[in-house]
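Student: I would like a close look at one part of this structure, namely the charged pairs. Could you take me through them carefully and set them in the context of the rest of the chain?

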Amino acid sequence: MDLNDFFEDLEAEFDSQYSALQNQQLSPRVLPSGPIRVDLFCRDSMQHRLIAVTLGENFLAGIDVENGSAIVLNIFSIARLTFTSTSNRESIEIKTSGKTFAEFVEIFAEKKSLVRLKSQNLHENSAARIGWVRGSARNLICFIDRATDVDIFYPMESVRSIEAIDVHN
């Protein structure tokens, strides 16, 4: 998988969502304007710094500054977040989307991206799985575990995050 193509497709998706939903944006008093970075503090003590952020109905997605991977987090896994103004070279303005977490993770299925799925399980080591998102339906994510080649269905509320994994060929 070529991450550059993946990120370009994500950006195009973010742009189309942004254009279609400009009327639904939160008041400028609530969200900052201009390029920003979002620092996330999750309920399980994990932290993320994201750029190129999209805020959806029940998710937050963006590019993780630490490793450059695309990640989507279930809003219920986030304890708090902060917005930090950055330069135009470092990020873009936050975008909003009318999509849900279930709808947004379909991008990973369409791209056949190898991903790391983390559940809301408090035991971090047992919660991370590597594989592919097959799709989502009725508030369930169908995930193919790479180690066992078994389809596993996760309720949306039990998924903390899905992160694209770079595959070097």
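**Charged pairs between strands**

Tutor: In this predicted model, Asp151 and Arg134 form a salt bridge in which the closest N and O atoms are 3.0 Å apart. Asp151 belongs to strand S10 (residues 151–155) and Arg134 to strand S8, so this pair ties together parts of the chain that lie 17 residues apart in sequence. Asp151 itself is partly exposed, its relative accessible area being 32%.

Strand S8, which spans residues 128–137, also holds Arg129, and Arg129 is paired with Asp145 of strand S9 (residues 140–145), a link between distant parts of the chain that are 16 residues apart. The two residues form a salt bridge whose closest N and O atoms are 2.8 Å apart. Their surroundings can be described one side at a time: Arg129 is partly exposed, with a relative accessible area of 32%, while Asp145 has a relative accessibility of 5% and, because the cut-off for a buried residue is under 20%, counts as buried.

A further salt bridge is the one between Arg116 and Glu163, where the closest N and O atoms are separated by 3.6 Å. Arg116 sits in strand S7 (residues 114–119) and Glu163 in strand S11 (residues 159–164), so the pair ties together parts that are 47 residues apart in sequence. Here Arg116 is partly exposed, at a relative accessible area of 27%, whereas Glu163 is buried, at 6%.

In the whole structure, the search finds six salt bridges. Some of them share partners, and in this way Arg37, Asp39 and Arg49 are joined into one network. Asp39 is found in strand S1, which covers residues 36–42, and with a relative accessibility of 9% this aspartate counts as buried. The side chains of Asp39 and Arg37 are joined by a polar contact of 2.9 Å, and the side chain of Asp39 also makes a polar contact of 3.1 Å with the side chain of Arg49. When neighbours within four places in sequence are left aside, the residues in contact with Asp39 are His48, Arg49, Arg80, Leu81, Thr82 and Thr84.

The surroundings of this network can be followed further through Ile51, whose place is in strand S2 (residues 47–55). The C-alpha atoms of Ile51 and Arg37 are separated by 4.9 Å, although the two residues are 14 residues apart along the chain. Arg37 is also one of the residues in contact with Ile51 once neighbours within four places in sequence are left aside, the others being Ile36, Gly62, Ile63, Val65, Glu90 and Ser91.

These local details belong to a protein that has four helices and 11 strands. Among the contacts between residues at least 6 apart in sequence, 61% join residues at least 24 apart. Of the 169 residues in the protein, 44% are buried, and the protein exposes about 9100 Å², with carbon and sulfur atoms supplying 49% of that area.

Conventions. Residues numbered from 1 in each chain as written. Predicted model: local features only at pLDDT ≥ 70, side-chain atom pairs only at ≥ 80, totals over all residues. Heavy atoms only, no water. Helix = DSSP H or I, 4+ residues; strand = E, 2+ residues; numbered from the N terminus. Contact = heavy atoms within 4.5 Å. Salt bridge = Lys/Arg side-chain N within 4 Å of Asp/Glu carboxyl O. Buried < 20%, exposed > 50% of the residue type's maximum accessible area, 1.4 Å probe, protein only. Areas by Shrake-Rupley, 256 points an atom, 1.4 Å probe, with all protein chains shown as cover. Polar contact = N/O pair within 3.5 Å; in protein donor to acceptor, adjacent residues only side chain to side chain.
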